[in-house]
Amino acid sequence: MERNDRNPSNGRNAVEVRGLVKHYGSTKALDGVDLDVREGTVLGVLGPNGAGKTTLVRCLSTLITPDAGHAVVAGYDVVKQPRQLRRTIGLTGQYASVDEKLSGRENLYMIGRLLDLPRKQAKARADELLERFSLTEAAKRACMQYSGGMRRRLDLAASMIGSPAVLYLDEPTTGLDPRTRNEVWDEVQRMVAEGATVLLTTQYMEEAEQLAKELTVIDRGRIIARGGVDELKAKVGGRTLQIRPSDPAELAAMARAIREAGLDGVAGAQAVPDEGLLYVPILSDEQLTAVIGLLGVRGFSLAHVSTALPSLDEVFLAITGDKAAHHSDQAPQEVAA
Ligand SMILES: Nc1ncnc2c1ncn2[C@@H]1O[C@H](COP(=O)(O)OP(=O)(O)OP(=O)(O)O)[C@@H](O)[C@H]1O
Ligand SMILES: [Mg+2]
C-alpha cells in the first residue's frame, strides 16, 4: 500500500483509512478506499459530483457507519470509539448547519460550552473567531438574517472552536466570494501551522493547489489517482512547449511548419501573436527535441524556449474524464515518488 513516505514532516498518520466501503442500495458511494493523512498536513480530496467525498467525510466523522473496512483518526477507531473521536475532530459540512434563531456569537458560544469550555473561555474563543472570519459586526444578529457566505464563515468558525486536532472541510469555500475564500485559506493554513491535520474536499483546483501538497482523486467511490500536485501534473497531462521566435513575424510560418511536418505524436501548434509565443503540446522529451530540431533545420531563429506543466484543472479533467469513460476494476494509478 502506498504511504506518504516522501512527506518531509515525517510524523505519524492522523488519518488512516483501509478498504472503506459504504453502499446505498446499488450505489457504491465508497468502494474500498485507502488513504493516509500525515499529522500536520493537508490532504486534498478531489472528485466530480457524486464521487463519494461527502460520504467519506461522514464516515470519518461518525455521522454514518461504513459497511466494511476501517478507519482510525487521531488514534481512535471511527466505529468503535466514536465518542472519543468526536472530541478531537472539527467538521465543516458541505451544507451549513447553524441555529437560525441564535446570533452568530450565541451559536459559537453554545458550541464552545458543548465542548466543555468554561464560560469565559467559550466567550473569548467565540469573539476571536468572529473577528478572524470578519463577523464581528454581525455577531449579535440572528443567523436567519445572514447571507449564504456569512453562514458558511460561521460554520467554519464553529468547526474550529475546539481547536480540533483533525479538521474535515467538505467543500469549505463553495459559494464564497474571493476575499472570504482567501480568509478561509489563511485560517486553514494557520491551523495547520499550529499542528492541525486537515482533510479537505474541493472542486476548486486553485484551492487544492493553495492548501494541499498531497492530493487524492476519487471517482465513483474509488481512488483513481494520488500524488503531489506536480507529480499528478507531470503524470497526466504532458507539457506545453512555449517558443518565442526572435522575429515575431515568423510565428505563423513556424506553426505551419510544425503542423505540416507530422512529427510523431505532436498534434498541433498554436501561434499567439499577442504574446509573441508559439504553444506546442508535447508528451515526451523526444518530441521537445524533434520540434526544436525541426525549427532549427527550417532556419527559424529562437529567442526563448520553455515548458509548462498543465493546470490542475486540465489534470482533473484528464483523470476523471478518462476513468469515467472506461470505468472498470483497474487498480488505482499510483504516482511514483
Ligand atoms: N443518503 C444517501 N442515500 C442514497 N444515496 C446516497 C446518499 N448519500 C450519498 N448517496 C450517493 O452516494 C454517491 C456519493 O455521494 P457523495 O455525496 O458522497 O458525493 P460527493 O463526492 O460528495 O459529491 P458532491 O461533489 O456533489 O458533493 C452518490 O451517487 C450519491 O447519490
Ligand atoms: Mg459532497
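Modeller: A residue is near a molecule or strand if its C-beta atom, placed from the backbone, lies within 6 Å of it. This is a predicted model, where local features need pLDDT of at least 70 and side-chain atom pairs count only at pLDDT 80 or more, while totals for chains, interfaces and linings use all residues. Residues are numbered from 1 along each chain as its sequence is written, and chains are lettered from A and ligands numbered from 1 in the order written.

Colleague: OK, what makes up the surroundings of ligand 1?

Modeller: 12 residues surround it, and the closest are Tyr 24, Ala 29, Lys 53, Thr 54 and Thr 55. The largest share of this shell, three residues, comes from helix H1. Strand S2 (27-38) and H1 (53-60) each supply at least two residues. Helices (H or I, at least four residues) and strands (E, at least two) are DSSP runs, numbered from the N terminus.

Colleague: How many residues of that shell are nonpolar, polar or charged?

Modeller: Three are nonpolar, eight polar and one charged. Ala, Val, Leu, Ile, Met, Phe, Trp, Tyr, Cys and Pro count as nonpolar, Asp, Glu, Lys and Arg as charged, and the others, Gly among them, as polar.

Colleague: What makes strands S1 and S2 a pair?

Modeller: Pairing takes at least two bridges found by DSSP. Nine bridges join S1 (residues 13-24) to S2, and they run antiparallel, so they pass. One of the bridges links Tyr 24 to Thr 27 in S2.

Colleague: And why are S2 and S5 said to stand at the edges?

Modeller: The open sheet has the order S2-S1-S4-S5, with antiparallel pairing. S2 and S5 (76-77) each have a single partner strand, so one side of each has no neighbour in the sheet.

Colleague: How do you know that the length of helix H5 agrees with what's expected?

Modeller: The expected span is 1.5 Å times one less than the number of residues. H5 (residues 148-160) has 13 residues, so it should span 18 Å, and its end C-alpha atoms are 19 Å apart, which agrees.

Colleague: Why is H5 called largely enclosed?

Modeller: Because 11 of its 13 residues are buried, meaning that 20 or more other C-beta atoms lie within 10 Å of their own (12 or fewer is exposed, in between partly exposed; C-beta atoms are placed from the backbone). Among them are Met 150, Leu 154 and Met 160.

Colleague: What do those buried residues of H5 pack against?

Modeller: Strand S6 (89-92), helix H3 (104-114), helix H4 (119-132), strand S7 (166-170) and helix H6 (178-193). Contact here means C-beta atoms, placed from the backbone, within 7 Å.

Terms used:
Two residues are in contact if their C-beta atoms, placed from the backbone, lie within 7 Å.
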